[in-house]
Amino acid sequence: MARAARERSEQERATRLVVDCVRLDAGSVDHIEVNDQCILDEPGIQGALVVDGVVHLEVVVRAAGGSLVADGRVVGVWAAECRRCLEDVRGPLEASLHEVFEWEATEGETWPISDHRIDLAPAAREAAVLALPLAPLCSEDCAGPVPDRFPTGPAAVDYTAGGGV
Ligand SMILES: [Zn+2]
C-alpha cells in the first residue's frame, strides 16, 4: 500500500499500546490493568480532533472463554472550530471502551489477538473519534462573528458569502 510521506510520518509518530496477555491465557492472573497513554493514528474527523493525538487509557483486560475483553475508558482533550464563530474550542474527551479481542477476529466487530498480545491503540482511536463533538459551540449562546449582519441560530450560516476575517 503506497502512502504519502506526510501520512507515513504521522504513522511513525503513532504508537501502539500492546498488552501481553499470556498470563491471562494461562490462567495465572484473572485480569490485567492498563493505565497508559498512546498517540493515535489519524486522531481526527472533519472539523474536530484529539489534541496531539494523545489519549490516556484506563482499561482492565479479562479472559472470556477463548477471547479477551477490554473494559474501561479513554480520556484526552478534543479541539474543534466553533460552528458559529469558527474560534478554536477545546473540551475534555472521555469515551468508554468495551472491546472484544479474538484469535480469529471479525472485521469491524472484534480485534485480533496476536501471539497472546493485543494492541489497544486502534480500539482507543475508534472510541475517541466516536466521542468527538460533531457540531461544537464555544458557548451555548455564541452569537457568531458578526451577529448584527448574520444573526445565528442553531441553523448553519454560510460564512463563505461574508468574506474573510
Ligand atoms: Zn463561537
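**Strands, turns and a covered helix in a predicted model**

Val54 is partly exposed, because 16 other C-beta atoms lie within 10 Å of its own; a residue is called buried with 20 or more such atoms, exposed with 12 or fewer, and partly exposed in between, with C-beta atoms placed from the backbone. The structure described here is a predicted model, in which local features need pLDDT of at least 70 and side-chain atom pairs count only at pLDDT 80 or more, while totals for chains, interfaces and linings use all residues. Residues are numbered from 1 along each chain as its sequence is written.

Val54 is a convenient place to start a tour, as a member of strand β5. Helices (H or I, at least four residues) and strands (E, at least two) are DSSP runs, numbered from the N terminus. Leaving aside residues up to four places away in sequence, Val54 touches Gln37, Ile39 and Gly76; two residues are in contact if their C-beta atoms, placed from the backbone, lie within 7 Å. Between Val54 and Ala128 there are 10.0 Å from C-alpha to C-alpha, with a separation of 74 residues in sequence.

Stepping back, the protein chain contains three helices and nine strands, in the order α-β-α-β-β-β-β-β-β-β-β-α from the N terminus on. Of its 165 residues, 23% count as buried. Among contacts between residues at least 6 apart in sequence, 61% link residues at least 24 apart.

Strand β6 (residues 67-81) has several pairing partners, where pairing requires that DSSP finds at least two bridges between two strands. With β4, β6 pairs in the antiparallel sense over three bridges, and here Val50 stands opposite Trp78 of β6. Nine bridges join β6 to β5, again antiparallel; one pair of bridge partners is His56 with Val75 of β6. Strand β7 (residues 88-102) is also antiparallel to β6, over 14 bridges. Trp78 appears in this pairing too, with Gly91 in β7 as its bridge partner.

The turns beside β6 have their own backbone details. The hairpin of β5 and β6 has two residues between the strands, and Gly65 takes a positive phi near 65 degrees there. Six residues lie between β6 and β7 in their hairpin, where Leu86 in the turn has a positive phi of about 70 degrees. Most residues other than glycine have a negative phi. Two further non-glycine residues with positive phi sit in loops. Asp52, with phi near 60 degrees, is placed in the loop between β4 (48-50) and β5 (54-64). Asp52 counts as partly exposed because it has 13 C-beta neighbours inside 10 Å. His116, at about 65 degrees, lies in the loop between β8 (111-112) and β9 (117-119). With 15 other C-beta atoms within 10 Å, His116 is likewise partly exposed.

Helix α3 (residues 121-130) has Ala123, Ala124, Arg125, Ala127 and Ala128 as its buried residues. The elements covering them include β2 (32-39), β4, β5, β6, β7 and β8.

A word on confidence completes the picture. The mean pLDDT of the protein chain is 86, and 81% of its residues reach 70 or more; pLDDT is the predictor's confidence in each residue, from 0 to 100. Over residues 161-165 the pLDDT is below 50, and this stretch has two contacts in the model beyond near neighbours in sequence. Where pLDDT is low, the predicted coordinates should not be read in detail.
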